[in-house]
Amino acid sequence: MKIVVFGPFKRTGALHGESVVDLSRAYAKYLQERTVEPNPLEMADVVVPSDLVRLIEGGPRALEAAQQALDYLFGEAQNSLGPRGERLLHRAADVRLHAPRPNNARIACAGGNFADHAAAMAVRMRGKPYEGDAYQEIRNAGFWGFWKLGREIVGPDGELIYPERCNRLDYEGEIAIVLGKRGADLKASQLKDYVWGVTMLADWSIRAPRETPGGPLNFNFPKNLDTSCSMGPCIAVGEADPTNIDMETLVNGGTAAGTAADSSELLPDKTSAPERFLKPGDVVEMRSPSIGSLRTLVVGKRK
């Protein structure tokens, strides 16, 4: 099931072909027409909530009920109208899809995910390469990362605002996991018990100017800006192995290997050549057969 957040009221839906299904209202239709439930809309909003946070908190029961609603709607149902005659199907091209981020959920980003990228960045930031195998050195160094603190998360076909303080804006396409319940000190063996679904996340970074290396905001400063990440287009639930998902990142239609920072020529002043970095008017697209397409347009600077 591909879960989306859509429309002016940010309701939860499911992608079905070229349509978005209003899940809570579709389940209300199922209750009204297949059971004796006297209050189908009220009960549906309890079992299959229209709010993403509550849907996730509903656990397996909510997903099972949502699947029941979809099976009924596209199987036995005589029409696609809800209990009060409301539309249950909307053309995906006609509705706004929002970033499928549960309200105020923290976004934790792990550093050093890609050995090639980390090795190239080590030369640029430390002035020397890893001495041995980059992958093994990264693993031996332990986990590290940063938070994305922005409240304004960009959704599908949204806009990335070029920050006034930036002259080198970079991109990184990532797979993000959405946790379905609280946990601490989790082990790799517990992955399936805690992962609710997977989506795509575009990590936008200010590569220059940077704070002095070793400063207190060395990573948080360039990683947090207005519209500092994009997310979507959906959360794939129960359809993909979170440890094995294919994805590619394209800039203006061309496949981008790595990032601008790790692939650009170093100039004599130790800054990166600007050509591969993002500029207003550029379009970045992330594609995954398991999740879909996430496009972001870079727009002009604002103070």
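Along strand β7, which side chains point to one face and are buried, and which point to the other and are not? In this predicted model, strand β7 covers residues 145-148, and its side chains alternate. Phe-146 and Lys-148 are turned to one face, where they are buried. Gly-145 and Trp-147 are turned to the other face and are not buried. In a regular strand, side chains alternate between the two faces of the sheet.

**Strand pairing**

Strand β7 is joined to strand β6, residues 107-110, by four bridges. The two strands run antiparallel. Within this pairing, Ile-107 stands opposite Lys-148 of β7; Lys-148 is one of the buried residues of that strand.

**Cysteines**

A disulfide is a covalent bond between the sulfur atoms of two cysteines. The model contains zero disulfides by the rule applied, which requires two cysteine sulfur atoms within 2.5 Å. For Cys-109 and Cys-166, the table gives the distance to the closest cysteine sulfur together with the relative accessible area.

| Cysteine | Closest cysteine sulfur | Sulfur distance | Relative accessible area |
|---|---|---|---|
| Cys-109 | Cys-229 | 6.8 Å | 13% |
| Cys-166 | Cys-229 | 16 Å | 3% |

Cys-109 forms no bond with Cys-229 because their sulfur atoms, 6.8 Å apart, are too far from each other. The sulfur of Cys-166 is likewise too far from that of Cys-229 for a bond, at 16 Å. Cys-109 is buried, and Cys-166 also counts as buried.

**Helices α1 and α2**

Helix α1 comprises residues 23-34, and helix α2 comprises residues 40-47. Their axes come within 8 Å and cross at roughly 130°. Helix α1 is therefore oblique to α2. The crossing of these two helices is right-handed. On the α1 side, the residues that meet α2 are Ser-24, Arg-25, Tyr-27, Ala-28, Leu-31 and Gln-32. Their counterparts in α2 are Pro-40, Leu-41, Met-43, Ala-44, Asp-45 and Val-47.

**A buried loop residue**

Is Ala-273 buried or exposed? Ala-273 lies in the loop between helix α9, residues 260-263, and strand β14, residues 283-288. With a relative accessible area of 8%, Ala-273 is buried, because buried means under 20%. Apart from neighbours within four places in sequence, Ala-273 is in contact with Arg-168, Ser-264, Glu-265 and Leu-267. One of these partners, Arg-168, is 105 residues away from Ala-273 along the chain, and the C-alpha atoms of the two residues are separated by 9.0 Å.

Key:
Residues are numbered from 1 along each chain as its sequence is written. This is a predicted model: local features need pLDDT of at least 70, side-chain atom pairs count only at pLDDT 80 or more; totals for chains, interfaces and linings use all residues. Side-chain values use heavy atoms; hydrogens and water are left out. Buried means under 20% relative accessible area, exposed over 50%, partly exposed in between (1.4 Å probe, protein chains only). Two strands pair if DSSP finds at least two bridges between them. Axes are lines fitted to C-alpha atoms, for helices over the stretch in contact, and angles run from 0 to 180 degrees between N-to-C directions. Angles under 35 degrees count as roughly parallel, over 145 as roughly antiparallel, 65 to 115 as roughly perpendicular and the rest as oblique. A crossing is left-handed if the near helix is turned anticlockwise from the far one by less than a right angle, and right-handed if clockwise. Contact means heavy atoms within 4.5 Å.
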